[in-house]
Amino acid sequence: MPLRQKRMGMPMNDQLSKYLEGAGRVAVAGHTRPDGDCVGSCLALYAYLKENYPKLTVDVYLENVPDAYCVLEDSRIVITDGRDAQPYDVFFALDASDKERLAGAVKYFDKAKKTVCIDHHISNPGYGDENVVYPKASSTCEVLATLMDLDNISVKVAEALYVGIICDTGCFKHSNTGEQTMNIAGKLMRLGVDFSRLTDEVFYQKTYTQNQLLGRCLLESFLMFSGKCIISVADRKVMDFYKAKSSDLEGVIDQMRVTKGVEVAVLLTEIGELSYKVSMRSNTFVDVAKIAGHFGGGGHIRAAGCSMSGTKYDVINNLTRLIEEQLKNHD
Ligand code: 5GP
Ligand code: MN
C-alpha cells in the first residue's frame, strides 16, 4: 500500500511524500517563543499530513501558542510539555534557524530517524538530514506551500499558511514580500481563506494590555545617532505592572521602526535577571542579522534577534557600538 494517499479521487502531487516513505510516526516542531509564521507553518503541516496521509501519527511540539494565533483550528493539539516520546521516524523542524532554537523539542530531533528542516532564515546552516531553506522566501509558510499540492489543500491548511505569511511580511509590506509570496497568497484566497477576518484578528487586533504596553514602550523610547536609531526597554517592572507576557510586545518594534528618520529600531525585553531578549529591525541598509549573529542570535537582514546578558546599559552599549559602525560606514 503506497504511503501517498488520494483525496477526492485526485492523486497527491507534493514534494513531502519523499520524506515520508515508510514513516509511521512524525513530529513537527517550531522555534522557541513561537510567532505567527512558526505556529502557522506547524499547524499547516500538521493538518496537511493528517488530511493526506491519514495513517500517520503526527505530534506538534511548540511552546505556549500566543492567543492571537489560537484563531487557527488545531491550536489546541499542540504539545507543550516535556513528555518522553519514542523516537520519531521523521522530525520536521519549521522556522527554526538553528537546532537550539527548537528548545524542548531538541531531544526528539536528536533521536529521530530522519530530520527535515524547512526554513527561510539566511543564517540556517542546514542542520537537518534534509534541508529546504530558501532565504529569499518571505516566510516558512511560503517555503512549505511550495512543497504542498496547493490544488488539494483544505481551507484549514490554507488559513494556517496565510497567517504565517501575513505575520512575517507585515501584511505584504516588508521587503521580503515577493512575486512568489503574492502568487501563493492569491491561491490561498481562491481556496476561500477569510483574509479580512484573519488579518484583523491575527494582525491588527490588540488587547487593552498590548495597547498599553505599546504606549509605554513608545513613551519610554529614546533616540540615538541623530535620530537614526530608536531604542526601548520593556523591563520586568513594566511587564509585571501590566501582567504582560513577552508575546504581548508583538508589533511594538514595528511601530518603532516606522518613526520618521529611523534606520534601526531596538527593543529589549527583560527575560530574567541580567538577561534580555533583543529584537532589531532596520529600514534600508543596516544588516541587523550580522549584529544579532555577533551575539549568538540570527534572523534576517531587516529583522533579527538574540539574547544577551548584563545590565540594560551593558546590552545597549554593546549593541549600539555595532550599530554605530554600520551607520558610519554608510555616511
Ligand atoms: P523577533 O524580533 O520578531 O523576535 O525576531 C526577528 C527575527 O529574528 C525572526 O526571524 C527570528 O527567527 C530571529 N530571531 C529572534 N531572536 C533570535 C535568537 O535568539 N536567535 C536566532 N538565531 N534568531 C532569532
Ligand atoms: Mn519566519
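## Starting inside: Ala27

Ala27 counts as buried, at 0% relative accessibility. This is a predicted model, and Ala27 is a handy place to step into it. Ala27 belongs to strand E3, which covers residues 25-29. Leaving aside residues up to four places away in sequence, Ala27 touches Asp59, Tyr61, Tyr88, Val90, Phe91 and Phe92.

What about Val78? Ala27 and Val78 are 51 residues apart along the chain, and their C-alpha atoms are separated by 11 Å.

## The manganese ion

Which residues coordinate the manganese ion (ligand 2)? Asp37, Asp95 and Asp168 each use OD, while His120 uses NE2, at 2.2 to 2.4 Å. Reading along the sequence, the donor residues of this manganese ion (ligand 2) follow the spacing D-x57-D-x24-H-x47-D.

Take Asp95 and His120 as a pair: Asp95 sits in the loop between E5 and H2, and His120 in the loop between strand E6 (114-119) and strand E7 (130-133), so the two tie together parts that are 25 residues apart in sequence. Both Asp95 and His120 are buried.

## H1 against H4

Now for some helices. Two packed helices are described by the angle between their axes and the distance between the axes. For helix H1 (residues 36-52) and H4, the angle is about 165 degrees and the axes are 8 Å apart. Angles over 145 degrees count as roughly antiparallel, so that is the word for H1 and H4. Their crossing is left-handed.

On the H1 side, the residues that meet H4 are Gly36, Asp37, Gly40, Leu43, Ala44, Ala47, Tyr48 and Glu51. H4 brings Lys156, Val157, Ala160, Leu161, Val163, Gly164, Cys167 and Asp168 to this contact. By class, the residues of the contact of H1 with H4 divide into nine nonpolar, three polar and four charged. Two names here may ring a bell: Asp37 and Asp168 are among the residues that coordinate the manganese ion (ligand 2).

## H3 and its two partners

H3 packs with H4 too, and here the axes come within 7 Å and cross at roughly 140 degrees. Cys141, Glu142, Leu144 and Ala145 in H3 meet Ala160, Leu161, Gly164 and Ile165 in H4. The contact of H3 with H4 has six nonpolar residues, one polar and one charged. Ala160, Leu161 and Gly164 of H4 turn up in this contact, and they are also listed in the contact of H4 with H1.

The other partner is helix H5 (residues 179-190), which packs with helix H3 (residues 140-147) at an angle of about 65 degrees, with the axes 10 Å apart. H3 and H5 are therefore roughly perpendicular to each other. The crossing of H3 and H5 is left-handed. Glu142, Ala145 and Thr146 are the H3 residues that meet Gln180, Thr181 and Ile184 in H5. Sorted by class, the residues of this contact of H3 with H5 are two nonpolar, three polar and one charged. Glu142 and Ala145 take part in the contact of H3 with H5, and both also appear in the contact of H3 with H4.

## Two loop residues with positive phi

Most residues other than glycine have a negative phi. Ala103 goes the other way, with a phi near 50 degrees. Ala103 is in the loop between strand E5 (90-94) and helix H2 (106-111). Is Ala103 buried or partly exposed? Its relative accessible area is 30%, so Ala103 is partly exposed.

Phe172 also has a positive phi, near 65 degrees. Look for Phe172 in the loop between helix H4 (155-169) and H5. Phe172 is partly exposed, with a relative accessible area of 23%.

## Further along the chain

Where is Asp235? Asp235 lies in the loop between strand E9 (229-234) and helix H8 (236-241). With a relative accessible area of 13%, Asp235 is buried. Not counting residues up to four places away in sequence, Asp235 touches Glu270 and Lys312.

One more stop: Gly293, in helix H10 (residues 288-294). Gly293 is partly exposed, with a relative accessible area of 37%. From C-alpha to C-alpha, Gly293 and Cys42 are 25 Å apart in space, and in sequence they are 251 residues apart.

Definitions and conventions:
Residues are numbered from 1 along each chain as its sequence is written. Chains are lettered from A and ligands numbered from 1 in the order in which they are written. This is a predicted model: local features need pLDDT of at least 70, side-chain atom pairs count only at pLDDT 80 or more; totals for chains, interfaces and linings use all residues. Side-chain values use heavy atoms; hydrogens and water are left out. Axes are lines fitted to C-alpha atoms, for helices over the stretch in contact, and angles run from 0 to 180 degrees between N-to-C directions. Helices (H or I, at least four residues) and strands (E, at least two) are DSSP runs, numbered from the N terminus. Angles under 35 degrees count as roughly parallel, over 145 as roughly antiparallel, 65 to 115 as roughly perpendicular and the rest as oblique. A crossing is left-handed if the near helix is turned anticlockwise from the far one by less than a right angle, and right-handed if clockwise. Contact means heavy atoms within 4.5 Å. Ala, Val, Leu, Ile, Met, Phe, Trp, Tyr, Cys and Pro count as nonpolar, Asp, Glu, Lys and Arg as charged, and the others, Gly among them, as polar. Buried means under 20% relative accessible area, exposed over 50%, partly exposed in between (1.4 Å probe, protein chains only). Donors are N, O and S atoms within 2.8 Å of the metal (3.2 Å for Na, K and Ca); water is not among the atoms, so sites may look incomplete.
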